[in-house]
Amino acid sequence: MDYIEIKRRSSITRKILLVAVVTVLFIFMVKRPSSISGSTKFSQHESGVTHVLVTGGAGYIGSHAVLRLLKDSYRVTIVDNLSRGNMGAVRILQGLYPEPGRLQFIYADLGDAAAVNKIFSENAFDAVMHFAAVAYVGESTAEPLRYYHNITSNTLLVVKAMAAHGVKTLIYSSTCATYGEPDKMPITENTPQVPINPYGKAKKMAEDIIIDFSKTSNMAVMILRYFNVIGSDPEGRLGEAPRPELREQGRISGACFDAARGIIAGLKVRGTDYKTRDGTCIRDYIDVTDLIDAHVKALAHATPKKVGIYNVGTGKGSSVNEFVEACKKATGVNIKVDYLSRRPGDYAEVFSDPSKILKELNWTAKYTNLQQSLRVAWRWQKAHLNGYD
Ligand SMILES: NC(=O)c1ccc[n+]([C@@H]2O[C@H](COP(=O)([O-])OP(=O)(O)OC[C@H]3O[C@@H](n4cnc5c(N)ncnc54)[C@H](O)[C@@H]3O)[C@@H](O)[C@H]2O)c1
């Protein structure tokens with residue numbers, strides 16, 4: 001091969017290489033726009049758009065919050081480690097709001113400080129709704145360290161990341177379990193908080209961290225102390241689907257549906273000799289639709305340098321017997337009930353005084369009706385015998 005031939009061939013090779021590089025770049029550019037425009041929307045503040053980070057958005061309450069926020073035109077990022085939540089719920093939300101810049105899901109553990117920091121540095125959040133938590137009283141007694149880590153320590157990480165990245169509004173999911181066993185009913189926000197189990201204590205410590213930090217910053221904080229949450233999306237898109245292994249820890253509505261479906265033999269009512277109208281424990285049940293409405297109102301009223309603390313309940317207690325009767329009517333199944341002796345640690349009567357949230361946020365429970373709330377939840381349960389699978 002002479003010199004000219006070699007030169008000609010290497011020039012052809014260069015041209016081929018150039019065409020290949022340009023083609024690869026072109027494909028890359030064509031493929032990228034959706035993700036670039038998507039991530040740009042999440043990574044930049046946009047006037048008129050409020051971007052909310054919803055931790056635990058794949059869980060029961062968090063997914064309902066995401067649905068409402070998207071309906072109300074918020075931009076939403078879910079962060080969840082799927083330890084207890086359901087990717088199925090996220091997929092439903094993504095299917096309802098597929099437009100770029102509406103909803104993104106980030107799989108991450110809030111106990112991973114580096115991951116949390118990366119999420120905050122890559123996204124422009126305006127507010128955080130912090131739902132993510134392990135949330136079973138019984139489990140907290142058996143595994144206290146898990147609860148202090150997951151609830152208290154992770155909340156500290158979230159608040160530190162908010163402070164480091166200038167995110168100024170926090171709506172925190174707390175619980176009536178922080179009050180313990182008060183002498184006087186109803187429970188007001190001034191009722192002393194004397195929690196009696198690690199779940200309630202971990203939530204109280206998380207509240208304290210938030211409140212103390214807020215005194216040194218201009219953060220706008222709303223702490224919502226929920227009572228017993230029931231129900232699901234009235235349009236049947238979302239529901240409550242706890243892990244099967246958590247059934248034993250579960251809440252009364254889950255047990256009631258499991259009994260109606262024949263998964264368990266019947267309901268066990270523990271304690272019939274409490275000093276209540278029918279001897280069974282009294283609790284304040286709040287429909288998840290009402291609860292989320294309280295969050296949206298809290299977000300709208302959040303004020304820099306202020307901490308709003310609110311009970312979210314109906315102010316009316318229902319006994320376990322009344323709950324069981326409502327459940328029988330809602331499911332149409334004559335659920336078998338066994339009456340057993342008291343369970344240690346259960347308190348006789350817990351119900352809220354929700355007058356502060358009515359006065360200050362103009363919120364009151366509108367949808368909560370034991371039988372109707374259970375009927376809606378039962379419809380979803382019957383249509384989703386394997387949960388979101
Ligand atoms: N359900 C109730 O009756 C009730 C009552 C009072 C307060 N709350 C509070 O409401 C919040 C939501 O409860 P829920 O009933 O929807 O529970 P849930 O278990 O259905 O949802 C919690 C979500 O948080 C996620 N999560 C847990 N730890 C995480 C971590 N380290 N990193 C990332 N994600 C994590 C789970 O995967 C799950 O999706 C909790 O903070 C709970 O304490 C619930």
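Helices (H or I, at least four residues) and strands (E, at least two) are DSSP runs, numbered from the N terminus. By that rule, Lys-71 belongs to helix 3. The model shown in these views is predicted.

**View 1. The whole chain holds 13 helices and 13 strands.** The chain has 389 residues, and 41% of them count as buried. Take the contacts between residues at least 6 apart in sequence: 81% of these join residues at least 24 apart.

**View 2. Seven strands form an open sheet with parallel pairing.** The strand order is 3-2-1-4-5-6-11. Strand 3 (103-107) and strand 11 (307-312) stand at the edges. Each has a single partner strand, so one side of each is left without a neighbour in the sheet. From one strand to the next, the twist averages 15 degrees. In general, strands of a sheet pair through backbone hydrogen bonds, either parallel or antiparallel.

**View 3. Strand 2 pairs with strand 1 and with strand 3.** Strand 2 covers residues 75-80 and runs parallel to strand 3, with five bridges between them. Val-79 has Ile-106 as its bridge partner in strand 3. Asp-80 stands opposite Tyr-107, also in strand 3. Toward strand 1 (residues 51-55), the pairing is again parallel and again spans five bridges. There, Thr-55 stands opposite Val-79 of strand 2. Val-79 therefore has a residue of strand 1 opposite it and a bridge partner in strand 3, as pairing between strands rests on such bridges.

**View 4. Both faces of strand 2 are covered.** Are the residues of strand 2 buried or exposed? Six of its six residues are buried. In a regular strand the side chains alternate between the two faces of the sheet. Here, Arg-75, Thr-77 and Val-79 lie on one side. Val-76, Ile-78 and Asp-80 lie on the other.

**View 5. Two crossovers link strands 1, 2 and 3 through helices.** From strand 1, the chain passes through helix 3 (residues 60-71) to strand 2, and this β-α-β crossover is right-handed. Strand 2 then makes a β-α-β unit with helix 4 (residues 87-96) and strand 3. That unit is right-handed too.

**View 6. Lys-71 is an exposed residue of helix 3.** Why does Lys-71 count as exposed? Its C-beta has 11 other C-beta atoms within 10 Å, and a residue with 12 or fewer is exposed. The C-alpha atom of Lys-71 is separated by 8.8 Å from that of Tyr-97. Along the chain, these two residues are 26 residues apart.

**View 7. Ser-73 has a positive phi in the loop between helix 3 and strand 2.** Its phi is near 75 degrees, and the residue is not a glycine. Most residues other than glycine have a negative phi, and most peptide bonds are trans. Ser-73 counts as exposed, with 11 C-beta neighbours inside 10 Å.

**View 8. The largest nonpolar core holds 99 residues.** Which residues touch the most other members? They are Val-54, Val-128, Ile-171, Leu-224, Leu-291 and Val-312. Helix 10 (residues 288-301) gives the most to this core, with seven residues. Leaving aside residues up to four places away in sequence, Val-54 touches Gly-62, Ala-65, Val-66, Val-76, Ile-78, Met-129 and Phe-131. Val-76 and Ile-78 are also buried residues of strand 2, on one side of that strand.

**View 9. The ligand has 27 residues around it.** Those that come nearest are Gly-56, Gly-59, Ile-61, Gly-85 and Ala-133. Four elements give two or more residues to this shell: helix 3, helix 7 (144-164), strand 5 (169-175) and strand 7 (228-230). Which element gives the most? Helix 3 does, with three residues.

**View 10. A cis peptide bond runs from Met-185 to Pro-186.** Omega is near -5 degrees. Pro-186 sits in the loop between strand 5 and helix 8 (198-215).

**View 11. Asn-362 has a positive phi between helix 12 and helix 13.** Its phi is about 55 degrees, although Asn-362 is not a glycine. The residue lies in the loop that joins helix 12 (355-361) and helix 13 (370-383). Is Asn-362 buried or exposed? With 10 C-beta neighbours inside 10 Å, it counts as exposed.

Technical notes. Residues numbered from 1 in each chain as written. Predicted model: local features only at pLDDT ≥ 70, side-chain atom pairs only at ≥ 80, totals over all residues. Pairing = 2+ DSSP bridges. Axes fitted to C-alpha atoms, helices over the stretch in contact; angles between N-to-C directions. Buried ≥ 20, exposed ≤ 12 C-beta atoms within 10 Å, placed from the backbone. Right-handed = clockwise from strand over helix to strand, strands pointing away. Core = buried A, V, L, I, M, F, W, Y, C linked by C-beta atoms within 7 Å. Contact = placed C-beta atoms within 7 Å. Near = placed C-beta within 6 Å.
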